[in-house]
Amino acid sequence: MDGTNESTQGNFILLGFSDRPHLESILFVVILIAYLLTLVGNTTIILVSRLDPHLHTPMYFFLAHLSFLDLSFTTSSIPQLLYNLSGCDKTISYTGCAIQLFLFLGLGGVECLLLAVMAYDRFVAICKPLHYMVIMNPRLCLGLVLVAWGCGVANSLVMSPVTLRLPRCGHRSVDHFLCEMPALIRMACVNTAAVEGTVFVLAVGIVLSPLVCILVSYGCIVRAVLQIQSASGRHKAFNTCGSHLTVVSLFYGNIIYMYMQPGNSSSQDQGKFLTLFYNIVTPLLNPLIYTLRNKEVKGALRRLLLHDREGGKEQK
């Protein structure tokens, strides 16, 4: 296409929230604080999962990967947003835009699949408790994580070039705060029906298929829990799944709304704030959800803190 070569020249302009300059300084402070808390919260989950022997289980192996994904996902766009909010320069290089798009699509796809893997882990833990450690052995856990990463990256390798190669007829202004697929599709000066159709088909595979697996897993879990006689047993089983269900609801509620209706059909302002929620609020809340609702994680944090204090006293 003739428009492909011109798209690689110069920088893109991320309009972001520049139409609301009074909001930019407020957003900068709020997003900076949220980003720092996200880094601390998810790093804590990773360290606790690795350092405490009591948490060397499949569930926390997957949770550590989820926290790493959240860290990577947020860092792929928030530093650029903070830079653009802090001054008049709203530009991003073509290479930076391409990397941002690739990471955004790839990491988002991996997270969809990883949440499905975590739902399967909960299904085995509740429906087949006696065989849990045999089924969820380290080899299978590693294999499931690698499949999630492989499929997410493959999806991004397909969709990123298709999106970037759309002719833009010299248009450089991205009506978003990051190089996100629907915003780049809107910039095209050609009919994008074929691309949007491809996006929809791939979204069904990478977004809705894992969601179906999650719903099936939890359908089986609910049926198994209802057969438990004791109320305390049922409460414990539901509590085990509560954190994961909350994270799934937050994640999928945003991603389905944004990516199952790409291009011109979605509200641009609404899309910006939904993407901001998806990019910073969800990764910020995930560690809180898993620590506040989880006695094992709170116990691990307590043990690590007490160990550090005892170590400090011995040195004195």
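Let's start with C97 and C179, which form a disulfide with their sulfur atoms 1.9 Å apart; the term here means a pair of cysteine sulfur atoms within 2.5 Å. The torsion about the S-S bond of this pair is about -120°, so the disulfide is left-handed. It links distant parts of the chain: C97 sits in helix α5 (residues 94-127), C179 sits in the loop between β3 (173-174) and α8 (181-186), and they are 82 residues apart. Helices (H or I, at least four residues) and strands (E, at least two) are DSSP runs, numbered from the N terminus.

Before I go on, a word on what we are looking at: this is a predicted model, where local features need pLDDT of at least 70, side-chain atom pairs count only at pLDDT 80 or more, and totals for chains, interfaces and linings use all residues. Residues are numbered from 1 along each chain as its sequence is written, and side-chain values use heavy atoms, with hydrogens and water left out.

Are C97 and C179 buried or exposed? C97 counts as buried because its relative accessibility is 0%, and C179 is buried as well, at 0%. For the cut-offs, buried means under 20% relative accessible area, exposed over 50%, and partly exposed in between (1.4 Å probe, protein chains only).

How many disulfides does the rule give? The count comes to 2. The other one joins C169 to C189, with an S to S distance of 1.9 Å. With 70° about the S-S bond, the link of C169 and C189 is right-handed. This pair, too, links distant parts of the chain: C169 is in the loop between α7 (138-164) and β3, C189 is in the loop between α8 and α9 (193-226), and 20 residues separate them. C169 counts as exposed because its relative accessibility is 51%, while C189, at 33%, is partly exposed. If you number the bonded cysteines of the protein chain in sequence order, the pairing reads 1-3, 2-4.

Now for two more cysteines. C112 has a relative accessible area of 1%, so it is buried. C127 is in no disulfide; the nearest cysteine sulfur, that of C220, is 5.9 Å away. C127 counts as partly exposed because its relative accessibility is 27%.

Back to helix α5, the home of C97. This helix is mostly covered, with 26 of its 34 residues buried. What about its span? At 1.5 Å a residue, the 34 residues of α5 should span 50 Å, and the end C-alpha atoms are 49 Å apart, which agrees. The expected span is 1.5 Å times one less than the number of residues in the helix.

On to the strands, where two strands pair if DSSP finds at least two bridges between them. Strand β1 (residues 11-14) runs antiparallel to strand β2 (residues 91-93), and 3 bridges join them. β1 also pairs with β3, in the parallel sense, over 2 bridges. I13 of β1 is a handy landmark: it stands opposite T91 in β2 and opposite S173 in β3. Along β1 the side chains alternate, with F12 and L14 pointing to one face and buried, while N11 and I13 point to the other and are not.

Last stop, helix α2 (residues 21-51), where I33 lies. I33 counts as partly exposed because its relative accessibility is 47%. Thanks for listening, everyone!
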